[in-house]
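User: Please take a close look at one loop of this model, starting with its backbone and its exposure. From there, carry the same reading to other loops, to the helices and to the charged side chains.

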Amino acid sequence: MLPVNLEKRKDSGMFGDLRSGETRVIGKRTPRVDSIAKLTGEAIFVSDMAFAGMLFAQVKKSPHARARILRIDTRKAEALPGVRAILTGDELDYRVGLYMVDKYILAKGEVRHYGEAVAAVAADTTAIARQAVDLIHVEYEKLPPVLHPLDAIREDAPLVHPQLGNYDYIDTAFSPIPGTNICNHTKLRKGDIETAFKRSEWILEREYTNPSVQHVPMETHVAIVSWKHDDQVTIWSSAQSPFTLRNLFCMAFKLSHRKVRVIVPYVGGGFGGKAGIHIEPLVACLSRKAGGRPVKFTATREEEFSLLPCRSALTYRVKTGVSSDGKIIGQKMTMYWDSGAYADYAVNVTRASGYSAAGPYEIPNSWVDAYTIYTNKPFGTAYRGFGHVEFFWGIERHMDLVAHAIGMDSLDFRKKNALRPGSVTLTGEKIEEHTGNVLTCLKAAEKAVGYGRLTAGEKKREQRSGMKIGKAVVALHKAPAMPPFTATGVILKMNEDATVTANLSLTEIGQGTYTALAQIIAEHLRFPLHRIKISQETDTDRDPYDWQTVASKGLLLTGNAALLAAQDLLRKSYELASQILRAQPVDLDHDKDKVFILHNPEASVTFREMAVGYAFPDGRSIGGPLIGIGSYIAQGLTHLDKETGQGLPALDWTYGAHGIIVEVDEHTGEYNILKVASVFDVGKVINPDAVRGQAIGGMLQGLGTAICEGYIYDQEGHLLNPSFTDNKIPTARDLPLEVESMVVETPQLDGPYGARGVGEHSMIAVAAALGNAIQQACGAELTHMPIRFEDVWRSLGKKEPIDNWITKSPFGSCKSAPEIRKNRPVQ
């Protein structure tokens with residue numbers, strides 16, 4: 001299987017439908033269906049919306065990481081003209097959450113993180129609402145916060161949630177430990193780890209860390225809610241997941257689903273931060289208190305950083321036993337996930353990272369303990385890569401550590417231990433030929449960066465700049481993290497002119513799936529692409545169900561539902577045409593315009609004639625509107641055994657690799673990224689431009705977490721960098737000098753036209769590739785990201801980082817020395 005370079009690719013028959021020959025639309029470069037509307041400003045986001053009589057909400061936020069609320073005085077705010085509703089936690093006895101129902105709508109009795117909402121106001125204008133919030137006086141009793149997960153699991157640690165044992169949660173998947181700060185413990189046990197270590201020639205152990213990071217979608221969280229009489233609620237939200245939002249809302253307020261309507265128009269990015277449920281319940285309660293008037297809340301950028309969720313921080317310990325010939329015999333992995341103050345989604349990040357913890361490598365004897373731990377910090381949730389960006393920083397840095405210690409080339413070490421057909425994953429799943437090919441990805445990345453040597457041009461560059469060039473190649477994998485019952489639906493409606501409108505509830509948050517779905521539908525119907533419309537606005541009252549837009553599952557699940565809907569639409573068209581043409585459906589065929597008798601093509605009827613019912617010349621009519629319905633559910637998934645972690649959690653695996661070239665100044669620690677080459681086994685390319693866009697965009701987002709992003713706290717838990725002033729993200733100017741993106745196509749047997757998802761994968765392992773390349777160039781040992789110039793400099797000089805702005809957490813490059821020992825293996 002050879003990689004395909006997306007920059008150089010041309011349309012040709014060899015990239016056609018792998019099951020039925022040449023394709024017309026699949027695999028072809030196709031402009032995004034939403035690009036013009038977004039670029040011209042025609043697209044309407046919730047941020048743009050306004051309704052008659054609409055009020056504007058603001059929230060009062062805690063200045064403390066942990067404190068008891070003694071008194072909230074709202075009298076001055078209530079007296080301010082234009083204020084229509086004020087709420088405090090004492091009025092709202094509701095908890096919300098997806099997997100762990102642990103969060104009050106407003107803080108009640110105690111605040112658990114800096115920036116948590118303690119009161120809310122709805123007023124005639126945003127300015128009045130802000131003024132009212134400033135007039136609310138809150139009296140606190142400060143309490144000592146717990147700010148690091150390793151501190152939080154001590155026996156004498158203050159409990160962030162003393163009532164943990166009373167919370168509702170999904171008991172088939174998660175295991176909270178009441179009386180502690182551990183809200184989930186995921187275990188995986190494979191083989192005999194102790195015997196494996198006894199048989200190992202080498203044993204190596206090291207710890208890797210990374211901080212919390214913000215999603216920073218272009219559009220912040222926005223919601224408008226109107227709570228009318230008889231509990232009729234309409235929610236307009238920038239959410240990723242309209243049906244999950246509706247379900248969680250109804251569960252919290254004990255409402256019938258028929259009474260709650262969620263509408264999601266265009267969404268300006270999400271990256272996981274808009275999955276589940278967030279600001280909507282609070283805005284709804286303000287509307288209810290204001291007599292049903294619509295209320296709008298738009299989060300500021302600073303509120304995105306502290307009021308709303310982030311990516312969880314991670315401390316990852318890896319202990320590896322290796323044979324004399326470089327085979328990994330056993331590996332013990334311990335993850336301490338910092339969920340922050342709440343864990344409604346973080347528990348599932350822990351679960352997903354647990355069953356992927358070893359990366360795309362075969363480890364015959366494995367032991368994983370993954371803990372979700374409460375602390376007094378802004379809470380963690382889903383983030384692009386769903387835990388894999390974080391732990392792959394550790395696992396791929398560790399692969400280089402092991403290889404160097406045993407005297408083996410790090411890429412050869414990866415190839416030797418990579419999963420391949422016949423391998424068995426941590427959870428007991430057998431890898432097949434069609435699962436994907438990580439080895440081909442590694443080889444393609446190796447070739448793209450010229451791994452293992454410097455070209456003549458690179459040697460001249462070193463001489464000219466005085467900087468050292470390093471190269472690295474890393475591997476990655478990820479499967480969708482979702483419940484076994486994850487399902488979706490698509491409805492296709494044929495219009496009077498034989499165009500087709502698709503209704504679905506997968507949310508377009510920038511990933512380009514709507515364009516790919518239009519291609520899939522057009523391909524199967526044999527219609528021109530311009531005749532397919534994907535309805536942009538999602539409405540739970542009118543559109544079919546979809547679980548959530550997360551996990552890179554949309555192309556496979558919704559793509560299959562779209563295929564089934566197209567099949568259903570054609571079946572109904574053939575059934576109607578068979579009556580009109582007096583022929584059996586088996587003798588019919590069709591093209592873009594009509595259905596005809598295969599052996600007598602002149603006997604035909606057009607789709608336009610049948611679209612809303614066919615009328616004979618004498619006026620009699622048959623049929624009716626042509627509507628195709630497709631439903632699809634994840635097949636073959638199981639819950640994991642809580643004690644061993646064995647089971648089938650993965651719908652599919654997408655493998656990939658990154659190659660990177662970096663130059664480093666050995667004296668200052670400054671570095672430049674010269675090239676990144678990314679390769680992914682996508683199964684089948686539906687749209688080359690979309691894949692390339694995801695590859696480059698995700699890679700740059702991954703570099704952001706690698707080079708500059710991360711939450712910084714003081715000793716009292718105050719977030720010190722809650723804005724772009726001090727919490728930088730990369731821009732187009734930060735792109736590497738050269739970027740190359742490639743694909744491998746190992747068809748996914750149950751994927752639409754063989755495709756599998758690739759939306760998250762480009763972000764995974766980029767940071768580790770950078771760390772490995774820097775070490776290869778100058779020897780800097782880096783175990784924490786982000787990797788700033790000063791971190792490289794400190795590592796080179798073995799200098800300790802300044803600690804006064806991070807709480808008891810190693811945040812630097814030389815605090816986690818590896819433990820390496822030569823063992824006397826027991827045969």
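**A loop position and its counterparts**

Analyst: Asp231 is placed in the loop that runs between strand S14 (222-227) and strand S15 (233-237), and everything said about this loop and the rest of the chain refers to a predicted model. The phi of Asp231 is near 60°, a positive value in a residue other than glycine. As background, most residues other than glycine have a negative phi, and most peptide bonds are trans. Asp231 counts as partly exposed because its relative accessibility is 30%, and partly exposed covers the range between 20% and 50%.

A second loop residue can be set beside this one. Ala551, in the loop between strand S27 (538-539) and H15, also has a positive phi, of about 75°, although it is not a glycine. Its relative accessibility is 9%, so Ala551 counts as buried. A positive phi of about 80° is found at Gly291, just after H7, while a departure of another kind is the cis peptide bond that joins Met785 and Pro786, with omega at about 15°. Pro786 itself is in the loop between H18 and helix H19 (789-797).

The mention of H7 leads to the covered helices. Eight of the ten residues of helix H7 (residues 280-289) are buried, so this helix is largely enclosed by the rest of the structure; among them are Glu280, Pro281, Leu282 and Val283. Helix H9 (residues 346-356) is mostly covered as well, with eleven of its eleven residues buried, and the buried set includes Asn348, Thr350, Arg351 and Tyr355.

Burial also bears on the reading of single polar or charged side chains. Glu462, in helix H13 (residues 456-465), is buried yet has no salt bridge, and the nearest side chain of opposite charge, that of Lys468, is 5.0 Å away. The cut-off for a salt bridge, a side-chain nitrogen of Lys or Arg within 4 Å of a carboxyl oxygen of Asp or Glu, leaves this pair out. Lys468 is nevertheless among the residues that Glu462 touches, together with Leu454, Met467 and Ile469, when residues up to four places away in sequence are not counted. Gln701, in helix H17 (residues 688-707), counts as buried because its relative accessibility is 12%. With residues up to four places away in sequence left aside, Gln701 touches His215, Phe271, Tyr383, Arg384, Glu709 and Met763. The C-alpha atoms of Gln701 and Val766 are separated by 9.2 Å, although these two residues are 65 residues apart along the chain.

Where opposite charges do pair, the structure holds 47 salt bridges. One of them joins Glu303 and Lys61, whose closest N and O atoms are 2.9 Å apart; this pair links distant parts of the chain, Glu303 in helix H8 (residues 301-306) and Lys61 in strand S2 (residues 55-61), 242 residues apart. Glu303 has a relative accessible area of 2% and is therefore buried, whereas Lys61, at 31%, counts as partly exposed. A pair set within one helix is that of Glu575 and Arg571, which meet in a salt bridge of 2.9 Å, N to O. Because Glu575 and Arg571 are four residues apart in helix H15 (residues 554-581), about one helical turn separates them. Glu575 has a relative accessible area of 37% and Arg571 one of 42%, so that each is partly exposed. Asp151 and Arg154 meet in a further salt bridge at 3.2 Å, N to O, and Asp151, at 13% relative accessibility, counts as buried. A network of salt bridges links Arg32, Asp34, Lys38 and Glu508.

Two more loops complete this reading. Lys327 is in the loop between strand S19 (313-322) and strand S20 (328-340), is partly exposed with a relative accessible area of 31%, and gathers with Lys416, Arg420 and Lys443 in a patch of positive charge on the surface. Asp750, in the loop between strand S36 (738-744) and helix H18 (766-778), is partly exposed as well, with a relative accessible area of 27%. Leaving out residues up to four places away in sequence, Asp750 touches Leu556, Asn560, Tyr632 and Leu651. From Asp750 to Pro309, 441 residues apart along the chain, the separation between C-alpha atoms is 34 Å.

Conventions
Residues numbered from 1 in each chain as written. Predicted model: local features only at pLDDT ≥ 70, side-chain atom pairs only at ≥ 80, totals over all residues. Heavy atoms only, no water. Patch = residues over 30% accessible without salt bridge, like charges linked within 9 Å, V, L, I, M, F, W, Y side chains within 5 Å. Areas by Shrake-Rupley, 256 points an atom, 1.4 Å probe, with all protein chains shown as cover. Lys, Arg positive; Asp, Glu negative; His and termini not counted. Charge placed at Lys NZ, Arg CZ, Asp CG, Glu CD. Helix = DSSP H or I, 4+ residues; strand = E, 2+ residues; numbered from the N terminus. Buried < 20%, exposed > 50% of the residue type's maximum accessible area, 1.4 Å probe, protein only. Contact = heavy atoms within 4.5 Å.
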